[in-house]
Amino acid sequence: MTVATPFDARDVEIAWCPGCGNFGILQALKETLDELGYRPQDVVVVSGIGQAAKAPHYLRVNVFNGLHGRSIPVAFAIKTVRPELLVIAESGDGCMYGEGGNHLLHAIRRNPDITVLVHNNQVYGLTKGQASPTSGEGFRSKAQPWGNLSRPLNPLSLAISQGAGLVARAFAGDREGLKGILKEALSFRGFALVDILQPCVTFNPVNTYAWYRERVYYLGEDHNPEDQVAAFQKSLEWGDRIPLGVFYRNPQPTYEMKVEERAKRRRNLFEEEEFRRVLQEEFAQLL
C-alpha cells in the first residue's frame, strides 16, 4: 500500500521500468522522513547521474542534481555551511562506487554528518546494462557477453575497514525493514552509508526479487555493531546467505563539530589578541 506523505512530488512522470526496485526505495524514504518529523524544507537530497540519481526529482525536498560520481562532495559542502539541514546523497552503485569511489573514501575519513543511500542493482541501468563495480564475476551483459572479468567491490567491507560512522545494508523488497534501517541512518550523527540491494528487472536477470528473498536475513541481537572486527567478518558473508541490518556503528566527532570547535578557538584567540593590544596601548599612555 502506498502512503501519502508531505514529500510526494506533484505532477511528475517517473521514468523507471515497472517493477523497478527504485520505487520501493523512494516510497520508503518518503515515509521515513515523514515519520521522523522532517519538513520538506528541512531536507536536501543530492544525486549524481543514473536511474537511481533520478530519485530526488520524485521527492518534494530541496534537490541538487550534479555530475556523475560527485554527489558526496556537494552534500558535504551543503552540510558544512548549513549544518541545520538533513543532507542525503543518493545515487546508484556505479555513480557512488565507480565514478565516485574516491569521494566515498575521503568522506568516510572526514566524517561529515550526511547519509549516503546507494541503490545497488549491480548493473549500470541508465546506459543499458553494463557491468558495474558490484556486478558478480562472470555476469553477462551486452557489453560483457563472455562475462565480467572483474571481482565485485564489497562496499560494506571497505567502509567498515576505514572506520565509517555507520554502515548498513537493506533490501528494496522489504519496505518496513528498509524504513527501520533508514531511520537509524538518518538519526545517526556522522557519516552513514546504507547499501540498498535493488533488483533491476530489465538488465539484471540474476539478482532478482526472488533471488534475494531466498538469501537475505536480518542480523540478530547477538551481532555487536560496535565490534569492528566482527562487523568486517560479517560483511564478507555473501552468496547463499546475505545479512541485512546495521553492521557497524562508530560514533565520533563530525567534521562540522570540528569546524565549529576550530571557529571558537579562532574567535577566542582574536579576543585575547585584541585584549592584549588594548592593554598595551593603555600601558603605553601611562609611560
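**Exercise 1. The sheet**

In which order do the eight strands of the open sheet lie? Work from the predicted model, and then locate the edge strands.

Solution.
Step 1. The order reads β2-β1-β3-β4-β6-β5-β8-β7, and the pairing in this open sheet is mixed.
Step 2. The edge strands are β2 (62-65) and β7, since each pairs on one side only.
Step 3. From one strand to the next, the twist averages 20°.
Step 4. As an instance of parallel pairing, take strand β3 (residues 86-92) and strand β4 (residues 115-120), which are joined by five bridges. Within that pairing, S91 has V118 of β4 as its bridge partner.

**Exercise 2. Strand β8 and its neighbours**

Determine how β8 pairs with β5 and with β7, and state how many of its residues are buried.

Solution.
Step 1. Strand β5 (residues 166-171) pairs with β8 in the antiparallel sense, over four bridges. A168 is the residue opposite V246 of β8.
Step 2. Strand β7 (residues 216-218) pairs with β8 in the parallel sense, over three bridges. Here V216 has I242 of β8 as its bridge partner.
Step 3. Between β7 and β8 the chain passes through helix α8 (residues 228-235), giving a right-handed β-α-β crossover.
Step 4. Strand β8 spans residues 242-249, and seven of its eight residues are buried, so the strand is largely enclosed by the rest of the structure.

**Exercise 3. Helices on the sheet**

Which strands does helix α6 touch, and which does α8 lie across?

Solution.
Step 1. Helix α6 (residues 175-187) packs on the sheet and touches β3, β4, β5, β6 (192-197), β7 and β8. The direction of α6 makes about 160° with that of β5.
Step 2. Helix α8 lies across β5, β7 and β8, and runs at about 155° to β8.

**Exercise 4. The surroundings of I242**

Is I242 buried or exposed, and which residues does it touch beyond four places away in sequence?

Solution.
Step 1. I242 belongs to strand β8.
Step 2. The cut-off for buried is under 20% relative accessible area. I242 has 0% relative accessibility, and therefore counts as buried.
Step 3. Leaving out residues up to four places away in sequence, I242 touches R169, L197, W211, Y212, R215, V216 and Y217.
Step 4. The C-alpha atoms of I242 and Y218 are separated by 8.5 Å, although the two residues stand 24 residues apart along the chain.

**Exercise 5. Aromatic rings**

How many aromatic pairs are there? Classify the pair W16 and F23 and the pair W211 and Y212, and give the burial of each partner.

Solution.
Step 1. The count is seven aromatic pairs.
Step 2. In the pair W16 and F23, the centre-to-centre distance is 5.3 Å and the angle between the planes is 90°, making the pair edge-to-face.
Step 3. W16 counts as buried because its relative accessibility is 7%. F23 has 31% relative accessibility, so F23 counts as partly exposed.
Step 4. For W211 and Y212, the ring centres are 5.1 Å apart and the planes stand at 85°; because planes over 60 degrees apart count as edge-to-face, so does this pair. W211 and Y212 are both buried.
Step 5. W211 and Y212 also belong to one aromatic cluster, together with F171, Y209 and W238.
Step 6. One further ring has a charged neighbour: R241 lies over the face of Y217, 3.9 Å from the ring centre.

Key: Residues are numbered from 1 along each chain as its sequence is written. This is a predicted model: local features need pLDDT of at least 70, side-chain atom pairs count only at pLDDT 80 or more; totals for chains, interfaces and linings use all residues. Side-chain values use heavy atoms; hydrogens and water are left out. Buried means under 20% relative accessible area, exposed over 50%, partly exposed in between (1.4 Å probe, protein chains only). Helices (H or I, at least four residues) and strands (E, at least two) are DSSP runs, numbered from the N terminus. Two strands pair if DSSP finds at least two bridges between them. A crossover is right-handed if, with the strands pointing away from the viewer, the path from the first strand over the helix to the second runs clockwise. Rings of Phe, Tyr and Trp (its six-membered ring) pair if their centres lie within 6.5 Å; planes under 30 degrees apart count as stacked, over 60 as edge-to-face and the rest as tilted. A charge sits over a ring if NZ of Lys or CZ of Arg is within 6 Å of the ring centre and within 35 degrees of the ring normal. Axes are lines fitted to C-alpha atoms, for helices over the stretch in contact, and angles run from 0 to 180 degrees between N-to-C directions. Contact means heavy atoms within 4.5 Å.
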